[in-house]
Amino acid sequence: MKSKQKKELAEKKSALGISDDLLTALWIYDIDKYQIFWANKAALSLWESDSLAELKQRDFKPNTSLAVQETLLDYQQKFLQGETVSMFWRYSPKGIQKEAFCQMSGYKMDDGRIALLCEAIPSDLIDEKFNSNSIILLATYDAQMEFLSGNPPFVELISGESHQLPSVFIDKTVFLRLKRTVERDEVFEDDVLISTKQGPRWHRLIVNRTKQAHDNARLLVQQFDINERKLGELALKKDATTDLLTGLLNRRGLYKNIESILEQDSRFVIYYIDLDGFKMINDSYGHNVGDQILQTLANRLTDKHFEKGLAARFGGDEFVWVIREEDIEDSQQELANRLIKKLNQPYFDKEGHPMLVSASIGISLYPQDGDNFNDLILRADSAMYLAKKQGKRRWVNYIKGMESHLKRQSRVAQYLFRALAHKELLLHYQPIFNVRENQVHSFEALLRWNSPQLGWVPADETVAVAERVGVINEIENWVIQQAAQDLLMLRQLTGVKVSMAINISGIHFVDPHLGSYIKDTLKSIGLKAGDITVELTESALLSDIDNEVTSANRIAESGVNLSIDDFGTGYSSLAYLHKIPASIVKIDRSFTERVVADPTMITSIFNLITNLKLCALVEGVETLEQSRLLEKIGINLQQGYGLGRPKPIEYYLNSPSEIFDLKAK
Ligand code: C2E
Ligand code: CA
Ligand code: CA
């Protein structure tokens with residue numbers, strides 16, 4: 001070795017932080033001549049050699065497979081560009097199997113050729129995490145992809161017939177992809193599932209046409225076993241795309257799948273599924289029962305009749321099922337019917353008790369209803385919302401413009417959260433008269449919201465959104481307080497002992513603290529529980545009669561009066577009249593509308609109510625004619641625009657005489 005070379009080597013070694021005494025083996029290999037040109041002490045022992053002279057004599061050609069030589073020649077080109085290569089390599093000096101982690105770089109010989117400078121750390125000195133699985137497998141193939149040679153780890157690991165390239169791959173399409181890539185003279189690099197003697201394993205594959213082969217192009221295939229790491233990654237990925245409770249895809253998993261369906265541009269249908277009455281089950285029977293219902297639904301969605309679709313849990317009790325149009329055997333409608341039927345089979349708890357839940361479905365189609373995931377989901381969701389509104393347990397197809405309703409809802413929800421804190425909520429009071437005695441009987445407190453962003457929001461819309469986003473109890477507790485304070489003022493200023501009716505949502509009504517809350521609130525300002533009447537809309541009371549009757553009894557026991565609102569519009573009217581300890585029944589406005597044309601209907605309702613010894617009240621009285629007719633039938637408690645509109649408290653405080661002056665109207 002010339003002194004200049006020695007100096008260069010010394011510099012290189014010191015740059016690498018190694019010296020002859022270290023365990024790191026260092027040698028220079030003359031690729032073209034199949035000979036070691038120089039080696040340090042550690043390298044001598046790695047190569048099982050007593051002296052440098054002996055090692056330099058060795059001819060490596062007979063033991064170098066074509067694949068390895070091709071690889072080295074390829075590396076030579078890389079070294080020319082100043083690149084380095086690191087990998088695990090196996091050696092068999094004097095028949096002893098060894099492996100080492102090698103860092104290879106180029107070393108310029110005197111004659112200008114590039115040799116290989118190898119820095120090797122024996123595997124047994126290396127941390128576990130670089131385990132021998134990172135051994136490189138090398139194989140070469142000719143231009144026709146015929147197998148030429150492989151290094152020992154390749155021969156050892158890849159089974160006999162699998163030498164031929166296509167049979168190495170478990171997924172044959174990978175081979176086609178690879179072929180196309182190398183034909184373009186590009187490097188193919190990917191994680192691929194390979195058929196090995198140990199079974200299928202994940203390998204990192206790097207395939208390129210060797211650069212130095214001028215005559216016949218050769219294909220050089222390098223493989224690293226990355227099985228453990230890859231499996232770990234895949235498990236993580238699965239977790240990130242799977243819903244743990246049901247095993248279905250989660251929102252993210254669904255998103256990815258739909259994106260890839262969109263890429264293929266096939267037509268598909270989205271079914272957005274929502275359970276009706278699920279929240280109540282969760283609240284009253286606990287999460288275990290709730291979870292079980294969700295699992296049952298997931299099982300039904302993956303049932304063999306629906307296996308062609310893709311099922312996902314979208315969050316909470318919302319699921320999405322997607323199917324390509326080409327996979328629908330009958331029609332989209334028929335499929336929707338079958339899905340609704342399947343998902344609405346009874347649900348049971350662990351003890352076999354039936355649970356009161358059902359499912360509603362909204363449907364959107366690609367490409368008709370949207371060209372991206374978010375729009376399609378939003379539209380299926382708005383159709384689902386309508387399905388619920390139309391009475392649940394049914395499916396509804398998306399129709400253009402449906403989602404504007406949802407958009408409005410989310411805007412209302414957004415501002416409703418601040419409405420309470422910002423004191424944007426108000427109450428208006430509508431008088432209820434006893435027309436026979438020409439007296440005010442009571443007032444009904446009605447919610448008003450003047451939002452700076454939305455303007456006046458109708459009360460039923462505010463209430464529906466508040467129920468949906470879970471702030472209804474808070475709002476109604478405020479209503480109770482405000483109405484009670486105003487009632488006190490009304491009484492003090494007018495000297496009339498009227499009472500106050502407030503509307504309570506079905507959700508709030510089953511809250512066990514409601515009765516005592518009203519009682520305590522009234523007591524703290526010197527009123528009695530009986531000064532308040534809670535109005536309960538009949539249609540709000542359909543999900544769980546037993547629970548509602550219990551709640552009604554509890555509220556009645558605390559001394560608060562109950563009245564049934566909008567009577568005649570729900571479909572279990574009679575059941576409620578018998579079971580709920582109400583004192584007043586408010587006949588719905590729709591009957592008042594028809595009283596002039598046909599009084600028989602409202603008359604029979606009135607008789608039904610009085611037979612049950614309950615007090616009838618009629619809503620929506622808009623004309624004096626209606627009022628007189630109703631009085632003639634015997635309905636004396638009347639409320640309506642024709643008798644008095646809902647007004648702010650100030651109106652009554654400023655002109656108390658208005659309240660009495662009924663006949664003057
Ligand atoms: P509701 O309890 O049936 O209240 C009567 C509704 O009919 C009120 O509408 C009232 O302004 C209106 N009304 C009164 N007389 C007439 C009439 O002669 N003709 C017509 N066409 N309408 C009349 P509003 O204030 O818009 O309230 C709508 C619904 O919102 C209420 O219906 C009630 O169910 C609900 N609501 C209002 N405030 C609350 C509340 O604090 N909590 C709950 N849960 N619901 C409330
Ligand atoms: Ca009412
Ligand atoms: Ca009503």
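This report describes one helix, one helix pair and two single residues in a predicted model.

**Helix 23**

Helix 23 spans residues 624-633, and its buried residues are Gln626, Ser627 and Leu630. Viewed down the axis of helix 23, these buried residues lie within an arc of 100°, so they line one face of the helix. On the face turned away from that buried side, helix 23 carries the exposed residues Arg628 and Lys632.

Several elements take part in covering the buried residues of helix 23. Among them are two helices, helix 21 (589-593) and helix 22 (600-611), and two strands, strand 25 (615-618) and strand 26 (637-638). After helix 23 comes Gly634, which has a positive phi near 115°.

**Helices 16 and 18**

Helix 16 covers residues 472-494 and helix 18 covers residues 514-524; their axes come within 10 Å and cross at roughly 30°. Angles under 35 degrees count as roughly parallel, and helix 16 and helix 18 are therefore roughly parallel to each other. Their crossing is right-handed. From helix 16, the contact is made by Asn477, Ile480, Gln481 and Ala484, and from helix 18 by Leu514, Tyr517, Ile518, Thr521 and Leu522. By residue class, the contact of helix 16 with helix 18 divides into 6 nonpolar, 3 polar and no charged residues.

**Ala459 and Pro354**

The two single residues are set out below, with contacts that leave out residues up to four places away in sequence.

| Residue | Element | Relative accessibility | Contacts |
|---|---|---|---|
| Ala459 | helix 15 (residues 459-469) | 24%, partly exposed | Leu447, Arg448 |
| Pro354 | strand 15 (residues 354-355) | 59%, exposed | Tyr347, Phe348 |

Why does Ala459 count as partly exposed? The relative accessibility of Ala459 is 24%, and the partly exposed class lies between under 20% for buried and over 50% for exposed. Pro354, with a relative accessible area of 59%, is exposed, because exposed means over 50%.

Ala459 is found in helix 15. One of the residues that Ala459 touches is Arg448. Ala459 and Arg448 are 11 residues apart in sequence, and their C-alpha atoms are 6.1 Å apart in space. Pro354 has its place in strand 15, and the residues that Pro354 touches beyond four places in sequence are Tyr347 and Phe348.

Methods
Residues numbered from 1 in each chain as written. Chains lettered and ligands numbered in written order. Predicted model: local features only at pLDDT ≥ 70, side-chain atom pairs only at ≥ 80, totals over all residues. Heavy atoms only, no water. Buried < 20%, exposed > 50% of the residue type's maximum accessible area, 1.4 Å probe, protein only. Helix = DSSP H or I, 4+ residues; strand = E, 2+ residues; numbered from the N terminus. Arc of directions from axis to C-beta. Contact = heavy atoms within 4.5 Å. Axes fitted to C-alpha atoms, helices over the stretch in contact; angles between N-to-C directions. Parallel < 35°, antiparallel > 145°, perpendicular 65-115°, else oblique. Left-handed = near helix turned anticlockwise from the far one by under 90°. Nonpolar A, V, L, I, M, F, W, Y, C, P; charged D, E, K, R; others polar.
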